[in-house]
Amino acid sequence: MNTVSTHVQVNVKTQRAKRTAVNTNRLRKWVWPYAMLSPALVLYGTFFIFPFLFALFLSFMQWNLISPDMEYVGLENYRNLFADDVFWVSFKNTFVYALGTVPASMMIALGLAVLVESVGRAREIYRFLLFIPVVASLAVTSLVWMLLMNPHSGLFNKYLSVFGIEGPNWLNDPNWAMWSLIIIGVWKAIGYNLVLYIAGLKGIDNQLYEAAEIDGAGKWKQFFTITMPLLAPVNLFVLIVSIINSFQVFTTIHIMTQGGPNNATNVLVYQVWQEAFQFFDIGKASALSMVLFALLLIITIVQIRMTESKVHYQ
Amino acid sequence: MKRMLLLVLIIVLSFSSLAACSNSASETSAKKESTNAASPETSTKKPVEIQFLHIHGGSQGEAVKRLVEEFNKKQDAVHVTPVYVEGSYEGILEKLQALAATKQLPEVTQAGFSYTNYMVANMPLVPVQKFIDEEKMDLSDFFPKMLELGKGMDGKIYGLPYAVSTPVVYYNKQMFKEAGLDPENPPKTFDELREAAKKLTKGDRMGVYFNYGITGNWMFQAMTETLGGHMVANDQKSVAFDQEPGIKALQYWVDLVNTDKTMPLIDDKQATQSFTSGKLGIYVNTTASLRGLQKDSKFDIGTAAFPVDGVHPRMVPAGGNNVFVIKSTPEKEKAAWEFIKFATSPEGTAITAEGMGYMASRKSAVERDDLLGKYLKQENPAAYTTYRQVDDMVQWNNFPGKGGTRIFKIVQDNIQAALTKQKTAEQAVKDAAAEANQLIK
């Protein structure tokens, strides 16, 4: 009805009126959305686009952040970076950390989410307890972890010695330091992932479970045929966010190991900070940031491409 | 095309509106300030506002606050606001760089002695020598070695010593008694210390910890130079820590950790936790930790001078920091100098030393009973130890060239490699030297 009448109207109007209609249309179509978007665009521009372009520019410069003279050095910063052994160690460590934290924190969080939602009582309390690590200050909790991980007087090794196990030197043994940070990383990430999974679980229609139960599907079968597929979008989101977060680990490293011992826990983000603020080499730090950015971009795109076909949106 | 134009227009518009907002905000705050300043008294002249960037948090921060309050009360021409920066000597450099990039540098700042060359080369400083010359100021009351620490390569004094430290031996008197050691007669040589550590190590108690992690290779320098070596060759063209004393220094730690197993492989935060909870007998660390350790420990803490090898004289690098004036306006620079003069005066330095455990930079502050004399000799004799080695103080090494701070880390990485048995002590020292020499060239 409506479309027909507008159609007729437009046909009847004069050329001039037509133009105004097009103009208002265009206004509605282009100006209004951008006007609504502008605050976000401004923020995005100032805090993302501009710093990004500036860092890209700096990665071709030699500069110490203070001196008024900036020297153009072309690709030298990148060449220095790829020739730097520490870079490759950090590169490897970054992936080890991601592989160590992401799957573990996702699986544990999902398991806990299902468990927490299935308990009738005290659900709120469990949620609260599991969420605490997310809001607790990492600077403070790091110090507590250091106390626990103290090799000769910390609680961890005391407990282990009860079972006759000689505990490792968690943070200062090059073979263990990264694992210690991974444990803390998982502990920190679980709460956040848990909340996302709980939200995802709540979105699944209970009728599906009821129907499955009538058809005789057990709990595990329900989990793999209903819960998992329907959680796929949440899974994808959690995966990407977790990977990005794990690539950006900084605080625990800064406080607990400073990248040591002998770079055993140095990662790309921490090395960016070291290059910039310990060695005053802004050019190399910027080049490293660019490498990190490219890496994350590639991983995210691959992730989305690979999982897109398997994700079912409701 | 038109779409793009529109987009740009919107962005520009919203930027200008943002700018307008911030403008009006700063105007109102400026107005508020001026009314505040005018209201309390009839004085027509507003005090000059300056900022003092410092690194002292916690109980040390209280001492800074007291110092600044004393100064602000004493006169009404200058008003100082202390600004705390986290992260110690490295943290403040990071902050200064960021502030310099946005042109918001403070008028007065601290900086570690290991960064004197960096400050002189990179920061827009007003050498305090200028004010000293103008006022013909008498500097004879300063400990001469400390005054050296603020000098640039050109011999001009750029900064004055604000808080100074040396490495000292802290020990748990209770644990000494229990291990059959004399708490009033702490070890004097490296060998004695090694033996004492063996006796102290038992169960979950460890014997000793040298805080080797302090950047600037401070503790490694103390070891190497006390064993007769040097960090840098005389011609400043190569490092010298790869000679015998440097290797011996690192080997000593490696032996404590791996042969005797009396030194835990932990970092300074864990070591502090261990020491204050009575699980570590001896802690070789900066004098600056004294107040914090005393506050957090339930036992009596003894202090002793840095150990020697019995052959060479003791050489302890001066840790701590200078205060510098940063270029601004002549009026503010003068105000900054007035504050620095107070902070480094006998009264000012006494406030800093007593509140933190750092050393006073003035001889008279240490001697006068109304300042630190009584406190050091009677109330807290553990704080006096550091003054016993004031004449053994040497400059905290600044590596030559632009890559100095990178060399600090190379040395630190190799120390860690040796302690974790990834390399021998000799290999670690040689590797560090080879890499460092590349950067000095």
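Between which two helices of chain A does the loop with Asn169(A) lie? In this predicted model, Asn169(A) sits in the loop that joins α7 (155-162) to α8 (177-202) of chain A. Its relative accessibility is 14%, so Asn169(A) counts as buried, the cut-off being under 20%. Beyond residues up to four places away in sequence, Asn169(A) touches Pro151(A), Trp176(A) and Leu265(B). The contacts of Asn169(A) thus include a residue of chain B, Leu265(B).

Chain A also carries annotated spans. The unreviewed UniProt entry places the feature "transmembrane region" at residues 34-60, 95-116, 128-148, 176-199, 223-244 and 285-304 of chain A. Two of these spans were examined in the model. Residues 176-199 of chain A are 96% helix and 0% strand. The end C-alpha atoms of residues 176-199 lie 35 Å apart. For residues 128-148 of chain A, the helix content is 90%, again with 0% strand. Here the end C-alpha atoms are 23 Å apart. Trp176(A), a contact of Asn169(A), is the residue at which the annotated span 176-199 begins.

Enclosed space was then considered. The count comes to 1 cavity of 30 Å³ or more. The largest cavity has a volume of about 40 Å³. Its lining consists of Ala353(B), Gly357(B), Tyr358(B), Tyr375(B), Leu376(B), Ala383(B) and Tyr387(B). By class, 6 of the lining residues are nonpolar and 1 is polar. No charged residues line the largest cavity. The polar residue is Gly357(B), because Gly is counted as polar, whereas Ala, Leu and Tyr are counted as nonpolar.

Definitions and conventions: Residues are numbered from 1 along each chain as its sequence is written. Chains are lettered from A and ligands numbered from 1 in the order in which they are written. This is a predicted model: local features need pLDDT of at least 70, side-chain atom pairs count only at pLDDT 80 or more; totals for chains, interfaces and linings use all residues. Side-chain values use heavy atoms; hydrogens and water are left out. UniProt positions are given in the numbering used here, feature names are shortened, and annotations may be inferred rather than shown by experiment. Helices (H or I, at least four residues) and strands (E, at least two) are DSSP runs, numbered from the N terminus. Buried means under 20% relative accessible area, exposed over 50%, partly exposed in between (1.4 Å probe, protein chains only). Contact means heavy atoms within 4.5 Å. On a 1 Å grid over the protein atoms alone, a cavity is a set of points where a 1.4 Å probe fits but cannot get out, and a pocket is an open set with protein on both sides within 12 Å along at least five of seven lines; lining residues have an atom within 4 Å of a point. Grid points are joined across faces, edges and corners, and a volume is the space filled by probe spheres set on the points.
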